[in-house]
Amino acid sequence: MKKEIYFYKVKDMENKIYEKENDNNEGTKFRKYDGIMRKIVMLLLCAWTVFQLYFSTVGTISAINMRAIHCIFLLVFTFILFPASKKENIKRYKPPISDIIFAILSSVTFVYLICNYTFITQSGGRVSTPDIIIAGIAILLVLESARRVAKNLLPLALVFLAYSYLGEYITGFLGHNGFTLKRILITQFWGTEGILGIGSGVFSTYIFIFVIFGAFLKYGGFSDFINEIALALVGHTTGGPAKVAVIASALMGMMNGSAVANVATTGTITIPMMKKTGYKKEFAAAVEAVASTGGQFCPPVMGAVGFVMAEFLHTSYIQIMIAATVPALLYYISLIFAVHFEAKRMGLSGIKKENIPDTLKIIKRKWYLVLPFISLIGLMVSGYTPVYAALVSILVTIVTSYIGKDTKMTVGKIIQAATEGASNAISVGICCIVIGIIIGSVTLTGLGLNMGYFILSSVNSENIYITGIFVMIMSTILGMGVPGVAAYVIVQTVAVPVLIKSGITPVSAHMFCLIYACLSNITPPVAISSYIASGIANSDQTKTALISVKLGLIGFIIPFFFLASPQLLISDISTHTIIAIFTAIIGTVLFTSSIEGYMLCSMKIYERAILFISAMMLLDSSTTTDIIGIIMFVPIIMKQYFNAKNAEKKI
């Protein structure tokens with residue numbers, strides 16, 4: 001195998017990642033400036049990063065002002081960097097006059113808010129005509145930014161705004177008295193439940209700093225280190241390249257918290273590697289999409305969403321991290337075995353051992369690249385805030401990069417990391433602002449309470465599984481086309497109260513909604529991660545999305561088991577919990593085998609059916625179902641063993 005296809009030789013690919021990502025994000029290509037404008041953009045992106053780092057450490061600023069300033073940066077960069085239409089030539093020396101005006105208006109509106117917010121709050125919420133006009137302009141600018149960056153989210157925001165205004169014309173449980181345009185604008189712009197609410201708060205507090213941290217890890221050599229270790233560990237095994245993709249995408253996905261960004265970056269390397277090994281292009285794209293999506297709920301970092309959940313639950317992040325461990329473990333065990341069984345069926349082998357780097361040599365040469373990760377986890381476990389832990393870990397990344405010759409973060413690399421991290425955060429940030437409009441509408445109209453009442457009154461409230469199905473559908477729809485953490489913020493507002501009223505524990509309810517919100521990235525018809533992976537693989541989008549659902553199917557099933565069995569969320573440490581986790585792992589392997597139709601050799605329909613039922617029994621934490629499940633699958637395993645042996649003899 002030629003040296004250039006080594007998985008760990010990715011440095012030549014890094015310069016192409018930006019263009020590849022843009023080529024596969026329809027309608028969201030960055031403008032490519034030359035000359036002085038390029039320098040201005042880089043300077044502003046660096047200024048945004050410095051602003052965040054300063055006010056997250058020694059600076060003091062109110063939460064509202066922090067969110068408002070982030071909104072200024074987000075909107076300005078959207079109008080400067082994102083074209084208004086697909087037809088626009090993205091290579092230019094300066095933005096159009098109209099976008100310069102939009103950027104100036106964005107700054108003026110939020111500066112106006114910063115200057116007048118305290119006065120309006122102290123006066124009991126009294127607003128003047130100019131205040132209403134400014135609010136209207138700001139909302140229109142946010143909607144235009146959504147049209148450019150978050151097209152899937154824009155229709156949803158418009159529906160909720162229309163619902164706030166036209167509620168009096170709607171009958172049934174969805175109807176309400178309706179609100180005036182003035183009241184809607186006050187809530188959305190001047191209130192704490194609109195665009196300056198939870199969405200922008202989560203972004204300015206957690207998401208932005210962790211996206212920056214992810215960029216620094218990349219330029220500090222951590223991404224290459226992960227790829228090399230994954231290749232060394234599983235590259236030589238059956239279907240090795242696909243397993244490398246799963247491990248690398250999981251680790252990077254949990255660090256950057258964006259399935260879309262992860263697919264667009266790691267996918268440019270992993271997907272061609274899988275195709276070259278012999279996997280079909282739709283399958284290769286689906287593996288990358290599913291692996292990247294799971295990283296959003298994979299501990300210990302969980303793409304910053306764990307910190308948000310901890311805040312909502314008023315509990316420690318450690319408890320959230322522990323709760324997410326088993327669902328994430330089962331999800332990736334299923335995916336690993338899926339690619340293994342597919343490789344066995346197709347007769348694919350791993351990478352030749354002479355082309356595999358030595359694990360000990362990699363660790364000896366680049367051990368120091370793990371220190372930022374250890375720093376992050378260690379500080380959070382010690383009780384420090386996630387923001388503080390991320391900031392210290394960024395410094396550790398820079399310092400430790402100088403230990404090796406090839407990983408030194410020079411001033412140029414630091415600037416690149418800051419600008420790339422900030423630019424990667426724009427799309428997520430705009431989604432968070434638009435989410436504020438949705439949540440503001442839900443709060444204003446009481447839709448969350450009405451929806452919960454409807455679900456609880458329409459189904460048997462004692463049957464948590466039926467309630468779970470309703471919430472699953474609602475969570476998947478609300479999360480379509482939205483980054484994981486942003487989707488979770490939307491979903492938990494409406495869905496969590498419904499589950500809790502049904503008798504489900506708060507942690508289980510939040511984890512249930514998180515997983516389905518994340519899985520919406522691979523769920524048709526808006527399977528955005530699958531579509532981007534499909535673009536890289538040049539595969540059929542529909543087939544890729546359907547295969548993605550098949551590969552990630554265990555993720556759609558697991559949440560129903562921990563609704564009634566909190567043991568899978570490690571609610572306590574006991575013998576019963578350990579046994580429940582062990583049998584769930586076995587059940588996951590059997591489930592994957594039944595779906596793939598292969599274990600030691602191909603299976604018949606009745607064998608797959610028996611293994612599927614056995615898997616469901618083992619995923620349940622009851623001792624009785626575990627025994628039944630074991631009794632069912634043992635004969636099938638024995639039959640598979642003898643069939644495989646006979647096949648070998650014939651060969």
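**Surface patches and aromatic packing**

Six residues, Ile97, Ile100, Ile101, Ile104, Leu105 and Val108, form a nonpolar patch on the surface, and together they contribute about 500 Å² of accessible area. The structure analysed is a predicted model. Val108, one of the residues of this patch, is found in helix α4, which spans residues 97-122. The relative accessibility of Val108 is 43%, and this residue therefore counts as partly exposed, since that class lies between the 20% limit for buried residues and the 50% limit for exposed ones. An α-helix has 3.6 residues a turn, so residues three or four places apart point the same way.

A positive patch is also present on the surface, where it is formed by Lys275, Lys280, Lys281 and Lys543. Of these residues, Lys281 is placed in helix α12 (residues 281-294). With a relative accessibility of 36%, Lys281 counts as partly exposed.

Aromatic contacts were examined next. A search of the whole structure finds 28 aromatic pairs. One such pair is made by Phe512 and Tyr516: the ring centres are 4.8 Å apart and the planes stand at 65°, so the arrangement is edge-to-face, a class that requires an angle over 60 degrees. Both residues belong to helix α22 (residues 506-519), in which they are four residues apart, or about one turn of the helix. Phe512 and Tyr516 are both buried. Elsewhere, ring pairs link Trp48, Phe51, Tyr54, Phe55, Phe73, Phe77, Phe203 and Phe208 into a cluster.

Helix α2, comprising residues 36-55, contains Val50. This valine is exposed, because its relative accessible area of 52% lies over the 50% limit. Val50 is separated from Met603 by 553 residues in sequence, and the C-alpha to C-alpha distance between the two is 58 Å.

Helix α16 extends over residues 371-381, and its buried residues are Pro372, Phe373, Ser375, Leu376, Ile377, Leu379 and Met380. Just after this helix, Gly383 adopts a positive phi of about 105°.

In terms of accessibility, the individual residues described here include the buried pair Phe512 and Tyr516, the partly exposed Val108 and Lys281, and the exposed Val50.

Key
Residues are numbered from 1 along each chain as its sequence is written. This is a predicted model: local features need pLDDT of at least 70, side-chain atom pairs count only at pLDDT 80 or more; totals for chains, interfaces and linings use all residues. Side-chain values use heavy atoms; hydrogens and water are left out. Buried means under 20% relative accessible area, exposed over 50%, partly exposed in between (1.4 Å probe, protein chains only). Helices (H or I, at least four residues) and strands (E, at least two) are DSSP runs, numbered from the N terminus. Rings of Phe, Tyr and Trp (its six-membered ring) pair if their centres lie within 6.5 Å; planes under 30 degrees apart count as stacked, over 60 as edge-to-face and the rest as tilted. Patches are made of residues with over 30% relative accessible area and no salt bridge: like charges are joined within 9 Å, nonpolar side chains (Val, Leu, Ile, Met, Phe, Trp, Tyr) within 5 Å. Accessible areas come from the Shrake-Rupley method with a 1.4 Å probe; for residues, only the protein chains shown count as cover. A salt bridge is a side-chain nitrogen of Lys or Arg within 4 Å of a carboxyl oxygen of Asp or Glu. Lys and Arg count as positive and Asp and Glu as negative; His and the chain ends are not counted. The place of a charge is taken as NZ of Lys, CZ of Arg, CG of Asp or CD of Glu.
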